[in-house]
Every structure is written in C-alpha cells, then in structure tokens.
Amino acid sequence: MPPLPTSAAMPSPSLPSVRLPLRPSPPLTTTPLSRRGPVLRSLAPPSPALLKPLVSAAPASSSYRSALLLHRRRRHALPEATEAVTITPAPIPKVTKKYQEWDSLTAKLAGGANLPFLLLQLPQIILNSRNLLAGNKAALFAVPWLGMLTGLLGNLSLMSYFAKKREIEAVIVQTLGSISTYVVIVQLAMAESMPMPQFVATSAVVAAGLLLNLLNYLGWLPGTLWQLWEDFMAIGGLAVLPQVMWSTFVPFIPNSILPGIICGSLAVAAVVMARMSKLSEGGTKFVGSLSGWTATLLFMWMPVAQMWTNYLNPSNIEGLSAFSMLLAMIGNGLMIPRAVFIRDLMWYYIFQLPLFKI
C-alpha cells in the first residue's frame, strides 16, 4: 500500500478540498410532499362514503332524545301538551239585574221573619209566668220539654249551618229562636217539668253554642275548634234525635237509653273515619251535612211530640198559646222564598214542615 500523503494525514481546516466527505443531504425533491400527502388528503373534503355513517347517526340521536323525554314524563307524571290544551276553566255564572233584585227581595223577606220569631215564644213565656206566679205548675206540663229540647238543638245546629253559608238573616232568626226557647226551658225547669240534670246539660250546650257561633262570625275562632263544634253537633244530633223519638212514646214502650247510645256510637265512628280520610268523597260530604239534616229532623219531630202530648192529655191544651203557633207559621212562611231562591233543599224542608203542625 503506498503511503498516505502528508496533506491527507494532517488536514487543514482552511482547505475545504481535503475535508472528509459528509453524508449527502437528501435532494430537494417532491418526496417529502408525497409523504405528507395523507395529511393533505385529510384536509380535503371527505368522500360521500365517509358521510354516510354521520348522516345515519342523526336519527339514532333524535330517537334517543325522544325516548329519554318520554321516560321522564312517565316517571314524573308530566302532563302532555294536548291535555293542557283541552283543560278549560269553569264558566262563571253571569249575575243579571233580575237575579240581584230577587236576591235583595228574598233577603228582605228572610230578615222580616225576625219579628215573628222574636215574638214567637213571647205569648208562651207570658202564659207560663202567670201560671208560675199563680202556683199552677201543672199547667206547664202541657208544654213537653222534649219538644222544646229538640227545637233548641235544632236552632243551634241551624245557627252553625247558616253561619257557614254566610246567611246572616237566617243566623239571626236561629239565634232569637235559641234564646226564646231556652227561656221557656228555664220556666219548665222551675215548674219541675224538666229534670234538673238535663237542664244543666242543656244550659251548658246553649252557652257554648252561642259563644262559639259569635266568635266564628267575628273571625276570632280557630278553624280546628269550629270543626270540633260541628262534629259535636253532628254526634249530639244523631244521639238525641232517636232518643227523643223513643222517649215520646214511653208510656207504651219500655223506657230505655239504647237508641241514643247506639246511634251516638255510630255517629262517633262515622265522624272519626271522616276525619281520618277513611271514607269516600261522598261519605265525607254526607258526614259534613249530618248536623243540618238532624236539625231538620228535630224540627220535624217537634210538632209530633206536641200532638202526641195533646192526644194523651186533651185537657192540657189550655196551657198552649195559639198566637205562638200563628207567629211560627208567619215566620216560616217568610223564610221559604229565600230557601227556594238559593236552592237549599234542607232549608226548604226546615221552614215548610213546621207549617203542618198548625
């Protein structure tokens, strides 16, 4: 091998000709562009074949949203849009001028009944006072205390019933009837015609009824306490009514308190079930109207007890006042137009049936 030249062994940096050859750089061709071809192709518009999956995925997403919305509606019981459209508000009755005239007229007639009802028991009270002063206590036995008691309980029940309906004229009538009837009961207790325990219980009920109705009218009575009073009147009416009916014919049937106990127990059970929401809607409404209907039946039985007493003792008729019966007929007659106008069947029977005892 020939020896290397000196210049090759000791290269000089100033002589580029003797520099060792470096790796040649790649030529500037289009090869890099061809390598980046896929990147450039990805920037180009996609082919129709690639768009098909995207177009087919849109209905799947829409159906999923529909299914999700339907699931939420079923879960949370959301009303459908069609149901909201079909719901229409209840029509409001139009108050005409003729309606207002009849309303005013019947209210005035009902208010005019206050005068005969105020004087209703006055002749009987005067007659009883004369007999008491003369020492003729036997004459007061012509007035059955059971009949007076039924009338008094009926007045108290109807006072609460009309107070709830905001019939002021009827409330005043029942208040006057309660006070005047209670005065007669006091006279019967003085003549020893009415037993003292029954008189004490009656006095307590009358005082509580007048006070609670007054507080309720003024708006000072809590709703819970008023509800308890209504329940008490419903239970008391159902317990007293059959007992009074039974006691009227005691000379011919055995004396017993079973009718009052049985009916009172049934009334307690019905009221408790209604307050615990164990009854249907119709049953609850029926229990709520018991006090009014028992008052109606009490007023119906009042003339029956009087007629039965007159039949057993015809001589006691002289202890009755015919003028009081006439005032009762006038007062009841004045109340009937109002009952017909407001279409209250219970009120109509209350003031119509006592007319037949005349």
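What share of the contacts in the protein with a separation of 6 or more comes from residues 24 or more positions apart? Such residues account for 72% of those contacts. The structure described here is a predicted model.

**Overall make-up**

The protein has 358 residues, and 34% of them count as buried. Its secondary structure consists of 17 helices and zero strands. The accessible surface comes to about 22,900 Å², and carbon and sulfur atoms hold 70% of that surface.

**Salt bridges**

Side chains of opposite charge can pair when their charged atoms come close. In this model the count is three salt bridges. The table gives each pair with the distance between nitrogen and oxygen.

| Salt bridge | N to O distance |
|---|---|
| Arg 338 and Asp 103 | 2.6 Å |
| Arg 275 and Asp 231 | 2.8 Å |
| Lys 285 and Glu 281 | 3.7 Å |

The salt bridge between Arg 338 and Asp 103 links distant parts of the chain: Arg 338 belongs to helix 16 (residues 322–341) and Asp 103 to helix 6 (residues 97–112), with their positions 235 residues apart. Arg 338 has a relative accessible area of 9%, so this residue is buried. Asp 103 is partly exposed, because its relative accessible area is 27%.

Arg 275 and Asp 231 also meet in a salt bridge. This pair too links distant parts of the chain, with Arg 275 in helix 13 and Asp 231 in helix 12, 44 residues apart. Here the arginine, Arg 275, is partly exposed at 38% relative accessibility, while Asp 231 is buried with a relative accessible area of 11%.

Lys 285 and Glu 281 form a salt bridge as well. Both lie in helix 14 (residues 281–288), and because they are four residues apart, about one helical turn separates them. Lys 285 counts as exposed at 58% relative accessibility, and Glu 281 is exposed with a relative accessible area of 61%.

**Aromatic pairs**

The structure holds six aromatic pairs. One of them joins Phe 252 and Trp 308, whose ring centres are 5.6 Å apart. How do the two ring planes of this pair lie, stacked or edge-to-face? Their planes stand at 75 degrees, and an angle over 60 counts as edge-to-face, so the pair of Phe 252 and Trp 308 is edge-to-face.

This aromatic pair links distant parts of the chain, as its members are 56 residues apart. Phe 252 sits in the loop between helix 12 (223–248) and helix 13 (258–275), and Trp 308 sits in helix 15 (residues 290–312). Phe 252 is exposed, with 59% relative accessible area, whereas Trp 308 is partly exposed at 21%. Together with Phe 249 and Tyr 311, these two residues, Phe 252 and Trp 308, form one aromatic cluster.

**A nonpolar patch on the surface**

Which residues make the nonpolar surface patch of about 610 Å²? The patch is made by Ile 168, Ile 172, Leu 214, Tyr 217, Leu 218 and Trp 220. Helix 10 (168–190) and helix 11 (196–218) are the elements that give two or more residues to this patch. Helix 11 supplies the largest share, three residues. Leu 218, a member of the patch, lies in helix 11. Its relative accessibility is 40%, so Leu 218 counts as partly exposed.

Terms used: Residues are numbered from 1 along each chain as its sequence is written. This is a predicted model: local features need pLDDT of at least 70, side-chain atom pairs count only at pLDDT 80 or more; totals for chains, interfaces and linings use all residues. Side-chain values use heavy atoms; hydrogens and water are left out. Patches are made of residues with over 30% relative accessible area and no salt bridge: like charges are joined within 9 Å, nonpolar side chains (Val, Leu, Ile, Met, Phe, Trp, Tyr) within 5 Å. Accessible areas come from the Shrake-Rupley method with a 1.4 Å probe; for residues, only the protein chains shown count as cover. A salt bridge is a side-chain nitrogen of Lys or Arg within 4 Å of a carboxyl oxygen of Asp or Glu. Buried means under 20% relative accessible area, exposed over 50%, partly exposed in between (1.4 Å probe, protein chains only). Rings of Phe, Tyr and Trp (its six-membered ring) pair if their centres lie within 6.5 Å; planes under 30 degrees apart count as stacked, over 60 as edge-to-face and the rest as tilted. Contact means heavy atoms within 4.5 Å.
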